[in-house]
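These are my notebook entries on a structure that is new to me. I set out to look up its overall form, its interior and its surface.

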Amino acid sequence: MDCFNYPLDTGTLLRKKRRIRKELLAQNPHPLHKRIAILGGSTTNEVADQLGLFLLQYGIQAEFYQSEYAQYWQDAMFGTPELDAFHPDILYVHTSWRNVTEFPTTASSEEEIDAMLEREYTRFTQMWQALRDKFHCPIIQNNFDRPNYRLMGNRDIWDPRGRSNFLSRLNQKFYGYAASHEDFYINDIDYLSADYGVSAWGDAFYWHMYKYAMCLDAIPSLAGSVANIIKSIYGRNKKVLVLDLDNTLWGGIVGDDGVDGIAIGPEVPEGQVYAEFQSYCKALKTIGVVLAVDSKNDEANALAGLRHPDGVLRPEDFVSIKANWDPKDQNLKAIAEELSLGADSFVFADDNPAERAIVSAQIPGAAVPALDAAENYIRILDHGGYFETTVLSREDLKKTEQYHARAQAARARAAFADYGDYLDSLQMTATIRPFEPVYLQRIAQLTNKSNQFNLTTLRCTEDDIRAMAADDRYVTLSGRLADKFADNGVVSVVAAQQDGQTLHIRLWLMSCRVLKRGMEDAMMDVLMDQAAGRGVKTVMGYYYPTAKNAMVKDFYAGMGFAQVSGDADGNTVWSLSVEDYKPRRPHMIIEQ
């Protein structure tokens, strides 16, 4: 829906939220259900309404608990029966500068201010720890915006007695906490308020009349920011930025103007704008975003443009370059097939509104931001929140290399008539071991990202994964897969709980980038070996359907399991005797 694209259509979001909610539910009949507790230092009803809308567009249906007005600290520290029974999946602490309990005065000494700062910080850390100990779920905490006035003018930001300075120092302490604690995230309302305009954001009318922490029209921006964090936690980020070339990565048309005639680089202002945009796109690679090209062009001209001496991006920065005269929606589908990704993993950036309209209509799920003037490209993509980063693992930093390898493997497959010969040609090695500390972050990340090959859709925090690894009742397996093109990193995760002579598979997932390679066969072989070693007689498997995991509906049947039960919602239970299991022996070396 266009109302969610930057710039937000706040009028529509605020006035027509019931209609929007109904339409979003119709578009996604199988959303991911999550319970979100909002502990507010101000009125939060509209925050919850807007957050619910933004999450629905990401396929997440939220149920909310809201603390009574300004009771956030009391609810956290002392609990309420309602909150305790709610069992939140996410805790969001919605506070602002108005919830700071004490500020310096012009008479305060530096020692008094330091003590005051420490008391305020401790009040929050005690609250966070109490919430963590009770609920064991991710916490999202607002940092502090600033008042829309400065008592001392410019001095307010550097003088320790200034409120702006005090809030800045308190924010820094919050950031240090976030850096040293897992599953703790900062919602940056300091940035949001500055971007919106501090004076408008902090319009005192809305505080005194409604006890809103910001003006009404700013609440969708706040909700969008929180929703971006939550959808990133649950693996709903976009993965690939697909870029047009002419008038998107450079000014002009390379086929008509020639390489020397396109605008890119420091010589003219227009060229500087495009060079900055290319730099932004290249920087996205450092957080794991994959780049591709979809352009109506002769390939030779496209490559020549990408090799312009003043350009920032080069052909090797892209995992796929589709420069031809085919419809762009067809090219995008081809890129998705090469990379084994769904359409909802893509952002399509093109200056041409006609091309955007075609892709938007033909590729449901792809994000198609409305690019206008080139100087706005960065802001439009950045404010869209498509690539929100909550965890940055080593695997994320190697995404371009891994997807390059996937595209190479897809092209190599076309050269083989026999699929088994193709798999042998990849020279694959699977390393399958119990959960190890060095991979806990990646394993937790996978549980929240993998959707197509995910049998139970169990979402886990790092603490959950650590608890499984430490529990003797669990068989835990993480699988790495390397081939002649690349090391794909940890791509598959299994966790099974033993109850007597029965082993229940609670978690089984695999990254889509290694689909149809036989990794699932290797994991099953190792799991069954370990089950036999524990004296297990029967292994039970569970499948819970979602909008995205239909591809594994018959997974257990293909492994030789027999279905023992099922319900009207498609949930099925499967059983296999360890004694009857026939090893799969996939086309790879298995190391343990």
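**Overall form**

I began with the secondary structure of the chain, which comes to 24 helices and 18 strands. The radius of gyration is 26 Å, close to the 25 Å that the globule rule gives for 592 residues, so I record the chain as being as compact as a globular protein of that length. I note that the model is a predicted one.

I then looked up the extent of the C-alpha trace, which spans about 80 × 70 × 45 Å along its principal axes. Among contacts between residues at least 6 apart in sequence, I find that 72% join residues at least 24 apart.

**Interior**

I looked up burial next: 55% of the 592 residues count as buried.

Which residues touch the most other members of the largest nonpolar core? I find W508, M524 and L527, within a core of 60 residues. Helix 23, residues 519-533, gives the most to this core, with eight residues.

I followed L527 further, setting aside its neighbours within four places in sequence. L527 is in contact with V475, L477, V494, A496, L503, I505 and W508. Another core, of 39 residues, lies apart from the largest one; I38, F54, L56 and A223 are among its members.

**Surface**

I turned last to the outside of the chain. The accessible surface comes to about 25,100 Å², and 48% of this belongs to carbon and sulfur atoms. I also recorded a nonpolar surface patch of about 330 Å², made by F205, M209 and Y210. Of these residues I looked up M209, which lies in helix 10, residues 204-210.

Key: Residues numbered from 1 in each chain as written. Predicted model: local features only at pLDDT ≥ 70, side-chain atom pairs only at ≥ 80, totals over all residues. Heavy atoms only, no water. Core = buried A, V, L, I, M, F, W, Y, C linked by side-chain atoms within 4.5 Å. Buried < 20%, exposed > 50% of the residue type's maximum accessible area, 1.4 Å probe, protein only. Helix = DSSP H or I, 4+ residues; strand = E, 2+ residues; numbered from the N terminus. Contact = heavy atoms within 4.5 Å. Patch = residues over 30% accessible without salt bridge, like charges linked within 9 Å, V, L, I, M, F, W, Y side chains within 5 Å. Areas by Shrake-Rupley, 256 points an atom, 1.4 Å probe, with all protein chains shown as cover. Salt bridge = Lys/Arg side-chain N within 4 Å of Asp/Glu carboxyl O. Rg over C-alpha atoms; globule rule 2.2 N^0.38 Å.
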